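Thank you for sending this structure; here are some remarks, set out for someone who has not met it before. Please look over the sequence and the model before reading on.

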Amino acid sequence: MRTFSTNERLKSRKLIGRLFREGNSYIAYPLRVVWLPVQPDDPALATFGEARAQLAISVPRRTFKTAVQRNRLKRRIREAYRLNKQLFYEKLTAADQHIALMLVLVAKEEVPYATIEAGVQKMIRKFP
RNA sequence: ACUGUAAAUCGCUCUGCCGCCUUUUUCCCACCCCGCCAUCGCGGCGGGGUGAGAUCGGGAGGAAAGUCCGGACAACACAGAGCACCGUACCACCUAACGGGUGGGUCCUGGCACGAAGGUGCCAGGAACAGAGAGUGUCGCAGAAAAUUACCGCCCCGUAUGGGGCAAGGGUGAAAACGUGCGGUAAGAGCGCACGGCGUCCUGGCGUAAGUCGGGAAGCGGAUAAACCUUACGGGUUGAAAUGCCACGUACACCUUGUUUCCACGCCCCGGCGUGGUGGUGUGUUGCUCGCACAUCGGCCUCCGGGCCGGCAAGGGGGGUAGGCAGCGCAGAAUUUCGCUGUGAAGCGGAAUCCAGAUAAAUGGCAGAGGCGUGUAGCUUCCUUCGGGAAACGGCGCGUGACAGAAUCCGGCUUACAGAUUUACAGUGCUU
RNA sequence: GGCUCCGUAGCUUAAUGGAUAGAGCAUCUGACUACGGAUCAGAAGGUUAGAGGUUCGAGUCCUCUCGGAGUCA
C-alpha cells in the first residue's frame, strides 16, 4: 500500500505540542526525526484508522526563504516516505506500536530527491 | 542585419508507471431514518443521510508576491451639532469605487528645423501641477543687508573725521528687489518712453472646463505649504484569526473604580416614603466638548465625617479549549469570443462556457521522446592580410530554467523576472 | 490571513531641515608598571538599512523596496 492519505498525516495541534515536549529524537542526515509512542488509551488514536504512524514534515523558514523551495522539499520528503514506509510499518506491527512522527529538514541548502530518499531509508533502519 | 529603450503577448509540450486534493457525473457496498407492500418469520420497492471504494471530469500565477489604495461582504455602533484628526488636490470623462485609467491643458528638460536676435514650431520624455497678493514661522556659513538693505562705490553741500541724496557698477550667496535699449539727472532710479517678461482685476471671441487668443486698468519687494496653515471635497469603527452554530472543557476564585447632592410638590405614624427637576460619579456614543442613552439598588454598624457586606455597571488579571460545520467559490462589477458606438479609458448587444478549493495546508516523484538553449568532436560552403573568420548541417554531453506557490472574492498600483515573439523609436554596419 | 511599529560605529544611544553626524563601553597605539589591571593621552572605526524624490541643503520630510519585532480567535 504505497499511499499517503489523510489518516496518515499528523494534524492534531495538541499531539504535535506533546511530541515536541516529550518526544525522542535522533538524526538521520539530512533529517532530524522526532517521535512519540501513542498509548492505546489515547483519544487521538481514533484518527489513525489502519495507519501505524502519523507523519508531519517541517522545513525551516530561516534557511529556505521562499515558499516554493519549502514546498518542493516537503514534497520530496513525503514522496520518499510514501515509497519506503512498508518496511517501517512491518517494524511497528511487530512491536504492536502506534507513533506520532515529525521529520525536520536540517540541511542548509536544497538537497536532491536521491539524498532525501537515502535519509528516509536510514531513518527507518535506525528506528529502535 | 545587429544592439539598446519602451509597450504588448507568451512564459515548454507529449507519453508510461506509482501517488495527492476535489464533486449535486454515474455505479456499487455497509449502516441509520422515513413511507408503502408483504407478513409466523426471512424480506421487497421508493426516498433521504453518513462512511468506504470504483469510474468520468477538474486541479497554481503573470505577478498567486508586497499589502500601497479602492470596493463587495460581515459584525458592532448610530437623535444630532461643533472642534479636532486622517486623506485627496490643473480640468473633463471612465468606473461599483479609487490615491487607478483615458483624453485635454499648463510648466520643465532634451533633440531637430526656422529666424540676425528675443523667440516660434515639431518630436520625445517628465511633473504630489490648488493657494506664498490671508496670516505665522524658517532661511546655517558667507555677505553691508536674507526682506522695506547700503560695505566698497557714485553725486551735492561743507571741506577735517560731518550732513544729505542714489542704487547704476563691484563683491557674497542657492537666492539680492522685472530684462534690453534710449531719454532723463548733480548722481541716479519703471522716474519717463519703446520692445519684451510676469501674474492680479475688468472685459470680448473660442472651449463643457482647465485654459487660450485679444483689448483695457493699476502694478512688479525672494524661496519654502513632501513647515504650520487656508480653501474645496471625502471619511462611523473593525476586518474572514471578522462573524454565526455544534462539540469538548473551565474558576461567578482574585484586584480596581462607581453606587450620590440639592430643590419643589404630595402623603403620613414627623422623619421617612413616592413623583418630578437639577447637578455629581461610572460606562457607551472613533478622540474632545455639548447633547443623548444606560446604571446609580439593598442590608448592617456609626463618634453622623463615613465604614463594612451583598447585588449591579465597567475595567484589569487569571483559567479552559484550540476539534468540526457554515462563512468558502456562490451564474457573476465572471471568463472567452464576435459585432456596434466612442479619439480613448470604456459602454451596449449577441453567442459559447461554468473553470482550483487545500487547512502542519493538495496540484508531486521516477523514466522516456520532442522542442528550445548551451558546450565541444566532425564535415561542407564562402571570405582571407594565410594568423584566421563567418554560415549551414550534425554526433555526443549538460540544462529545461528566471521571478516565484492560491488561502473569502474582485478592480487597480508597485516590485521581481531566464528566455521567445510582435510593434514603435534611436544608434551602428552593409547593399542599392 | 490581517493589523501596529522599528532600523544611526562591534554594542548602548544623541542630534530643532544647516557646515566634515556627537558621546559612553569595546578595539588599537603610546605613557605609567618588574608584569598585568586601573588611570592618563591619542587614533581608527558611519554608503545614518537600500533606491528615488521635495528643498539652496535630508539622519530628519514624502514614496517605494529590503530586513526585523510585536499583536489577534
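The numbered points below take up the RNA strand, a pocket and one arginine in turn.

1. Before anything else, please keep in mind that this is a predicted model, and that every value in this note was computed from it.

2. Which residues are closest to RNA strand B? In the model 20 residues surround the strand, and the closest of them are Arg 13, Asn 71, Arg 75, Arg 78 and Arg 82. Sorted by type, the residues of this surface divide into nine charged, seven nonpolar and four polar.

3. On the side of the RNA, 67% of the atoms of strand B that lie within 4 Å of the protein belong to sugar or phosphate, while the rest belong to bases.

4. Three arginines deserve a look in the viewer, each with a side-chain atom placed by an oxygen of the strand. For Arg 75, a polar side-chain atom is 2.9 Å from a phosphate oxygen of RNA strand B, and for Arg 78, an N or O atom of the side chain is 3.0 Å from a phosphate oxygen of that strand. In the case of Arg 82, the partner of the polar side-chain atom is a sugar or linking oxygen of RNA strand B, at 3.0 Å. The elements that supply two or more residues to the surface near the strand are α1, covering 13-22, and α2, and it is α2 that gives the most, with seven residues.

5. The second largest pocket holds about 180 Å³ of space, and its lining is made up of Phe 4, Arg 9, Leu 10, Leu 55, Ala 56, Ile 57, Asn 71, Lys 74, Arg 75 and Arg 78. Two or more of the lining residues come from each of β3 (53-58) and α2, with α2 again giving the most, here four residues. By type, the lining divides into five nonpolar residues, four charged and one polar. A reader may note that Asn 71, Arg 75 and Arg 78 are named both among the residues closest to RNA strand B and in the lining of this pocket.

6. Is Arg 70 buried or exposed? Arg 70 sits in helix α2, which spans residues 67-95, and it counts as buried because its relative accessibility is 16%, where the cut-off for buried is under 20%. Apart from its neighbours within four places in sequence, Arg 70 is in contact with Val 59, Pro 60, Arg 61, Phe 64 and Lys 65.

Notes. Residues are numbered from 1 along each chain as its sequence is written. Chains are lettered from A and ligands numbered from 1 in the order in which they are written. This is a predicted model: local features need pLDDT of at least 70, side-chain atom pairs count only at pLDDT 80 or more; totals for chains, interfaces and linings use all residues. Side-chain values use heavy atoms; hydrogens and water are left out. Buried means under 20% relative accessible area, exposed over 50%, partly exposed in between (1.4 Å probe, protein chains only). Contact means heavy atoms within 4.5 Å. A residue is near a molecule or strand if one of its heavy atoms lies within 4 Å of it. A polar contact is a pair of N or O atoms within 3.5 Å; within protein, one must be able to donate a hydrogen and the other to accept it, and residues adjacent in sequence count only if both atoms are side-chain atoms. Ala, Val, Leu, Ile, Met, Phe, Trp, Tyr, Cys and Pro count as nonpolar, Asp, Glu, Lys and Arg as charged, and the others, Gly among them, as polar. On a 1 Å grid over the protein atoms alone, a cavity is a set of points where a 1.4 Å probe fits but cannot get out, and a pocket is an open set with protein on both sides within 12 Å along at least five of seven lines; lining residues have an atom within 4 Å of a point. Grid points are joined across faces, edges and corners, and a volume is the space filled by probe spheres set on the points.
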